[in-house]
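Colleague: I would like to learn how to read the empty space inside a protein model. Where do we start?

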Amino acid sequence: MSEHKLPDAALSSGQPPLPALTVTLIILALAVGSFGIGTGEFAIMGLLPDVAGTFGVSNATAGHVISAYAFGVVVGAPFIAVIGARFRRRDLLLVLMGVFAAGNLASAAAPSFHSFMLFRFLSGLPHGAYFGVAALVAASMVPVNKRTQAVGKVMLGLTVSTLIGTPLAAFFGQILNWQFMFVAVGVTGLLTIGLIATFLPRDKAPKGVNALTELGALKRKQVWLTLGIAATGFCGMFAVFTYISPIVTDVARLNVGMVPVYMAIFGAGMIVGNLFGAKLADLSLMRTIGWSLVLYFGVLVALSLVAHDPVLLGLCCFLIGCSFVVGPALQTRLMDVAGDAQTLAAALNHSAFNIANALGALFGGMAINAGYGYESMGFVGAATAVIGFGVFLVSLALEKAERAASPACPAE
């Protein structure tokens with residue numbers, strides 16, 4: 001375990017005080033944690049029938065465990081960020097990953113469906129706070145003009161999980177049992193603890209930061225608007241991902257064995273969007289967010305029109321995955337507008353995306369029940385993308401108005 005101290009500049013300055021190799025190893029350790037979180041969050045979607053069979057419930061009822069996890073993310077992110085604001089970031093990361101690992105290992109041993117739901121809720125609690133704190137640590141170790149790329153590298157673990165972790169976990173979960181998947185995720189959490197403890201130097205507790213300081217983020221209009229972009233604009237990505245199986249089998253008329261292939265295509269798009277989008281965001285943050293929403297809208301409309309064609313469906317899935325370009329961009333935007341309330345704002349980004357997850361599944365289900373079919377997921381997502389773009393325009397206009405009113409002061 002590393003005992004050397006992390007210089008104050010590493011948590012407050014844009015200049016890297018640590019050797020490049022050390023920075024790389026720290027970001028790698030944080031990315032392993034995001035890989036475990038992503039695998040645990042998404043792999044369960046392909047194992048719901050197995051969970052239902054084990055506990056003797058319907059598939060619809062089994063789906064409640066996904067909502068339980070998402071609810072844990074939404075509740076845990078702000079609560080833990082406020083409570084943990086005064087703690088050393090290294091210690092906080094270790095505790096968060098410890099809770100995550102314990103929750104997943106407990107999920108594998110759950111004796112009943114209700115206890116399983118409880119453990120999924122507990123597993124979701126550290127999700128948002130972990131990503132938020134990890135993003136702050138990564139961004140603090142690189143020059144200002146490379147912050148989003150550093151955040152993107154941490155979140156790369158999440159995107160890689162959709163390409164590799166989720167399909168593999170679901171595959172072995174079906175061959176062995178669904179409990180195996182949660183054991184594997186729990187072990188990944190334990191591995192992350194070891195890596196963070198080894199590579200991330202001890203830091204000092206933030207000075208002048210407390211619960212009231214963090215809650216101050218909620219007074220900032222730009223914080224709410226940025227969260228609104230994520231919560232409303234990207235429901236469509238989750239609507240498509242939630243119903244990707246019936247879209248592939250019922251609309252494109254492909255064998256169920258092709259579902260993991262399209263999930264992998266989606267994951268490949270997320271990786272590309274994450275890597276290239278982070279570089280674009282460091283060049284122009286707001287333009288990257290705005291143009292991503294525009295292109296994302298067009299791809300979603302196209303998906304509803306061409307979902308019956310396997311090749312074009314695959315292309316649309318890849319491009320929708322690329323829309324994850326906004327993940328690191330919005331995370332960095334929150335750092336810019338949060339002032340002293342960095343931890344809470346960074347954590348809330350993942351609460352917002354989980355709200356989008358819940359709303360995407362809800363709106364998608366409503367469209368299906370209304371008889372519009374699984375191919376309508378693109379239109380559902382395009383409608384919410386328009387709302388998200390509207391929120392983005394409000395944010396942009398407010399920022400310009402504030403700069404015009406106080407040219408000597410940075411916009412909120």
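Modeller: With confidence. This is a predicted model; the protein averages a pLDDT of 82, and 90% of the residues score at least 70.

Colleague: Which elements have the lowest and the highest mean pLDDT?

Modeller: Helix 1 (residues 9-12) has the lowest, at 41, and helix 6 (residues 89-108) the highest, at 94. The pLDDT stays below 50 over residues 1-16, a stretch that has 40 contacts in the model beyond near neighbours in sequence.

Colleague: Now the empty space. How is it found, and how many cavities of 30 Å³ or more does the structure hold?

Modeller: Rolling a probe the size of a water molecule over the atoms shows where empty space is left. Here there are three cavities of 30 Å³ or more, and the largest contains about 210 Å³ of space.

Colleague: Which residues lie nearest the centre of the largest cavity?

Modeller: Glu41, Phe42, Leu158, Phe238 and Phe324, out of 15 that line the cavity. Helices 2 (20-42), 8 (147-175), 12 (235-242), 14 (259-283) and 18 (342-369) each give two or more residues to this lining. Helix 18 gives the most, with four.

Colleague: What classes of residue make up the lining of the largest cavity?

Modeller: Nine are nonpolar, five polar and one charged.

Colleague: And what lines the second largest cavity?

Modeller: That cavity holds about 70 Å³ of space. Its lining includes Glu41, Tyr69, Arg120 and Asn354. Helix 2, helix 5 (64-83) and helix 18 each supply two or more residues, with helix 5 giving the most, four. By class, this lining has five nonpolar, three polar and two charged residues.

Terms used
Residues are numbered from 1 along each chain as its sequence is written. This is a predicted model: local features need pLDDT of at least 70, side-chain atom pairs count only at pLDDT 80 or more; totals for chains, interfaces and linings use all residues. Side-chain values use heavy atoms; hydrogens and water are left out. pLDDT is the predictor's confidence in each residue, from 0 to 100. Contact means heavy atoms within 4.5 Å. On a 1 Å grid over the protein atoms alone, a cavity is a set of points where a 1.4 Å probe fits but cannot get out, and a pocket is an open set with protein on both sides within 12 Å along at least five of seven lines; lining residues have an atom within 4 Å of a point. Grid points are joined across faces, edges and corners, and a volume is the space filled by probe spheres set on the points. Ala, Val, Leu, Ile, Met, Phe, Trp, Tyr, Cys and Pro count as nonpolar, Asp, Glu, Lys and Arg as charged, and the others, Gly among them, as polar.
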